[in-house]
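Open your viewer and keep the selection tool ready. We will go stop by stop.

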Amino acid sequence: MKIDWAALGSVFGVSLVATVALVGLFTLGIVGLSKQEEAAAQGGSATLARTGAYACFALCAAAVVYGISLIVA
């Protein structure tokens, strides 16, 4: 049995980067929603924060759907 260490390292690196990016994007969405609530409490409009948060969540969902489609196909 021979292990291709270069391929294993490549898969590990791509998985690590994708995981950090997805968690960071989700965190930005949560921060955007918290800023939206903060602005609403102060009487301001927070449509930009809400729109950015929803965009982050949509990108997270798209990444998850893409990953599932790669696994299923």
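What follows is a short tour of a predicted model.

**Stop 1: two helices**

Select residues 5–41 to show helix α1, then residues 47–72 to show helix α2. Give each helix its own colour. Two packed helices are described by the angle between their axes and the distance between the axes. Here the axes of α1 and α2 come within 8 Å. They cross at roughly 155°. An angle over 145 degrees counts as roughly antiparallel, so α1 is roughly antiparallel to α2. Turn the view and check the handedness: the crossing of α1 and α2 is left-handed.

**Stop 2: where the helices touch**

Which residues of α1 make the contact with α2? Select Leu22, Leu25, Phe26, Leu28, Gly29, Ile30, Gly32, Leu33, Lys35 and Gln36. Now add the residues from α2: Ala49, Arg50, Ala53, Tyr54, Cys56, Phe57, Leu59, Cys60, Ala63 and Val64. Colour them by type. The residues of this contact divide into 15 nonpolar, three polar and two charged.

**Stop 3: the aromatic pair**

Keep Phe26 and Phe57 and hide the other side chains. How are the two rings of this aromatic pair arranged? The pair is tilted, with 55° between the planes. The ring centres are 5.2 Å apart. A search of the whole structure finds one aromatic pair, and you are looking at it.

Now trace the chain from one ring to the other. Phe26 lies in α1 and Phe57 in α2, so the pair ties together parts that are 31 residues apart in sequence. Switch on the surface. Are these rings' residues buried, exposed or in between? Phe26 has 42% relative accessibility, so Phe26 counts as partly exposed. Phe57 has 23%, so Phe57 is partly exposed as well.

**Stop 4: Gln36**

Move along helix α1 to Gln36. Is Gln36 buried or exposed? Its relative accessibility is 16%. The cut-off for buried is under 20%, so Gln36 counts as buried. Show what lies around Gln36. Leaving aside neighbours within four places in sequence, Gln36 is in contact with Ala46, Ala49 and Arg50.

**Stop 5: the loop**

Select Ser45, in the loop between α1 and α2. At 64% relative accessibility, Ser45 counts as exposed. Now draw a distance from Ser45 to Gly24, C-alpha to C-alpha. The two are 25 Å apart in space and 21 residues apart in sequence.

**Stop 6: Val11**

Finish at Val11, back in helix α1. Val11 counts as exposed, at 53% relative accessibility. Draw one last line, from the C-alpha of Val11 to the C-alpha of Leu22. These atoms are separated by 16 Å, and the residues are eleven apart along the chain. Leu22 should be familiar: it is one of the α1 residues in the contact with α2.

Technical notes: Residues are numbered from 1 along each chain as its sequence is written. This is a predicted model: local features need pLDDT of at least 70, side-chain atom pairs count only at pLDDT 80 or more; totals for chains, interfaces and linings use all residues. Side-chain values use heavy atoms; hydrogens and water are left out. Rings of Phe, Tyr and Trp (its six-membered ring) pair if their centres lie within 6.5 Å; planes under 30 degrees apart count as stacked, over 60 as edge-to-face and the rest as tilted. Helices (H or I, at least four residues) and strands (E, at least two) are DSSP runs, numbered from the N terminus. Buried means under 20% relative accessible area, exposed over 50%, partly exposed in between (1.4 Å probe, protein chains only). Axes are lines fitted to C-alpha atoms, for helices over the stretch in contact, and angles run from 0 to 180 degrees between N-to-C directions. Angles under 35 degrees count as roughly parallel, over 145 as roughly antiparallel, 65 to 115 as roughly perpendicular and the rest as oblique. A crossing is left-handed if the near helix is turned anticlockwise from the far one by less than a right angle, and right-handed if clockwise. Contact means heavy atoms within 4.5 Å. Ala, Val, Leu, Ile, Met, Phe, Trp, Tyr, Cys and Pro count as nonpolar, Asp, Glu, Lys and Arg as charged, and the others, Gly among them, as polar.
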